[in-house]
Number of protein chains: 2
Amino acid sequence: MTRTQRIRGVLAPVVTPFNKDLAPDPQRFLTHCRWLLGQGSGLAVFGTNSEANSLSLDERLALLEFLLDAGIDPARMMPGTGSCALIDAVQLTDRATKAGCAGVLMLPPFYYKGVSEEGLFRFFSETVERVGDARLRIYLYHIPPVAMVGITPGLVERLLVRYPGVIAGMKDSSGDWTNTRTMLDNFAASGFDVFVGSESFLLANMQHGGAGCISATANVNPAAIDRLFRCWQEGDAGEQQQRLDAVRGVVERAALLPSLKAVLARYRNDPAWATVRPPLVELAAAQVQDLIQGLDALGFEMPGLTAG
Amino acid sequence: MTRTQRIRGVLAPVVTPFNKDLAPDPQRFLTHCRWLLGQGSGLAVFGTNSEANSLSLDERLALLEFLLDAGIDPARMMPGTGSCALIDAVQLTDRATKAGCAGVLMLPPFYYKGVSEEGLFRFFSETVERVGDARLRIYLYHIPPVAMVGITPGLVERLLVRYPGVIAGMKDSSGDWTNTRTMLDNFAASGFDVFVGSESFLLANMQHGGAGCISATANVNPAAIDRLFRCWQEGDAGEQQQRLDAVRGVVERAALLPSLKAVLARYRNDPAWATVRPPLVELAAAQVQDLIQGLDALGFEMPGLTAG
């Protein structure tokens, strides 16, 4: 993959495995990353469903180095590097960029609410200037239900004018197709790559010039989501979308991230995968049972893995 | 001050000065801390209006060491140590506790929204267990308009039962007197110290068994706020409260934190004080003028400092 060829398709916000003492487990993390790559998924490590903000900066840097040292292709990676603290965002963005990552997925600073467009522009602008690397590709992360601070079309426009090429696209996790459509209509033609934050919008996104999806569910169902990305113009695309939605519906019945970890614990025969860091809480036994029964009823499988 | 004597009264969430390159300026920080102590205010460094979450963990640790090395009395300090990442919260809490700080003011982890009481309980519980120091005093920080994740009476009760003495009190920045009253009525009698997050509620808080206030405005008006704390049972307490409210009303006309920094820039004859980190933005010139004129009209002064 050359520098001029942008990353597209399906990326998983890779869930982060923890040991019993809540320390990240790099080896399990690597194993899962390799499986995802083999299923056609890129690696959006350090996303919302990676519990990235529950990790220290040093933990994120160490996990990134571990993957790079193990030979994971940085061209398939889009690490989350946003932070409330500018200098943390700069440090992680700088490292990912110098390592050759395809791009970085940046949350806006999310502690203060009701901040101005000017303040957010300055935050991203300072990041670009301080990293000072022509290889930098920033994907803006819009997830108002969680971050509460969003990425408006006005902010995108201003950043694109000032840093064309560097501002490479966005992930829209608003769950609001009207918002995604606005971003596509306003910016996609100029080469701004819009990823939806859920595969439920993948077909619609592709039909309107989008670049793919970065979805939590890709941690457990990557091959099927990647197939729709590749075959969205084929006759059965609508059916594929429905099957993806059915799996997601089951995984979303209880809290999404603990559910993903419960699925991994089951299909990897490895109960430790269920561990989450506070303030999140693992599923109750009855929720796990409901989840697994729901997936079994759909004939769900994780290729290459065997449920315990 | 002995260990059994808890900190009470007025504390300022000390504003953090930045140089032009946005690095913290420890010397200006120390100067301001010394002035605040001289005016009767304690030091709630690393609060919301300190831009604490815009600082890296290393920056917060370094500023704390600088104050301690300069001889600032830790018994007058209540550093903010909350974080989205448990291990960051533990590291800063541990350092503050071992340094002899009167307590720590802990935000709940604030990235994920709608988290369970169980998840928050585990976060605070893990912090207490990992610090493992009998001197630890935690003040829970309830600021739903900003953090969005709050501290419920149910959570306070559960923590008090499990960690009596360690869970020492709270700062209520809800701006909702009914909530403060609930906390006072439920917990104050058992030695749980309720600080209000604005001096506008100081008289009411003292009349109902509260411990004081931790208010941004104490950065510029500490002596007058401290006077009401000491004299709330005197005949002119209502008038004092009104005068405090009038000053606060002017400082709150525009964004609170940039306004506080503008006042410091003016009264310290030091324009650099106006600098804020993104995503915050300094006041516009017209806003500064309106602010200063408003304060002048009230006969506002900062004892020991002379406006430029």
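## The interface between chain B and chain A

In this predicted model, chain B places 42 residues in contact with 42 residues of chain A. The size of an interface is often given as the accessible area lost when the parts come together. Between chain B and chain A, the buried area is about 3300 Å², and carbon and sulfur atoms give 65% of that area. Three residues, Tyr111(B), Tyr112(B) and Pro279(B), supply 24% of the area that chain B buries against chain A, more than any other three residues.

## Polar and charged links across the interface

Two salt bridges are found across the interface of chain B and chain A. The side chains of Arg122(B) and Glu282(A) form a salt bridge, with a distance of 2.9 Å from N to O. Across this interface there are also 14 residue pairs in polar contact, with both residues at pLDDT 80 or more.

Several helices of chain B take part in the side that touches chain A. Helix H3 (86-98), helix H4 (117-131) and helix H5 (144-147) of chain B each supply at least two residues of that side. H4(B) gives the most, with seven residues. By residue class, the side of chain B that touches chain A divides into 25 nonpolar, 11 charged and six polar residues.

## Helix H10 of chain B

Helix H10 of chain B runs over residues 237-251 and has 15 residues. From its first C-alpha to its last, H10(B) reaches 21 Å, close to the 21 Å expected at 1.5 Å a residue.

Which residues of H10(B) are buried? They are Ala237(B), Gln240(B), Gln241(B), Leu244(B), Val247(B), Arg248(B), Val250(B) and Val251(B). The buried residues of H10(B) pack against four helices of chain B: helix H8 (202-207), helix H9 (222-230), helix H11 (256-267) and helix H12 (285-297).

## Asp193 in chain A

Asp193(A) belongs to strand S6 of chain A, which covers residues 193-196. Is Asp193(A) buried or exposed? Asp193(A) counts as buried because its relative accessible area is 11%, and the cut-off for buried is under 20%.

The side chain of Asp193(A) is joined to that of Arg6(A) by a polar contact of 3.1 Å. Leaving aside neighbours within four places in sequence, Asp193(A) is in contact with Arg6(A), Ile7(A) and Arg8(A), and also with Tyr139(A), Ala168(A), Gly169(A), Met170(A) and Ala211(A). Arg6(A) thus appears both in this list of contacts and as the partner in the side-chain polar contact.

Definitions and conventions: Residues are numbered from 1 along each chain as its sequence is written. Chains are lettered from A and ligands numbered from 1 in the order in which they are written. This is a predicted model: local features need pLDDT of at least 70, side-chain atom pairs count only at pLDDT 80 or more; totals for chains, interfaces and linings use all residues. Side-chain values use heavy atoms; hydrogens and water are left out. The expected span of a helix is 1.5 Å times one less than its number of residues. Buried means under 20% relative accessible area, exposed over 50%, partly exposed in between (1.4 Å probe, protein chains only). Contact means heavy atoms within 4.5 Å. Buried area is the accessible area (1.4 Å probe) that two parts lose on being put together, summed over both. A salt bridge is a side-chain nitrogen of Lys or Arg within 4 Å of a carboxyl oxygen of Asp or Glu. A polar contact is a pair of N or O atoms within 3.5 Å; within protein, one must be able to donate a hydrogen and the other to accept it, and residues adjacent in sequence count only if both atoms are side-chain atoms. Ala, Val, Leu, Ile, Met, Phe, Trp, Tyr, Cys and Pro count as nonpolar, Asp, Glu, Lys and Arg as charged, and the others, Gly among them, as polar.
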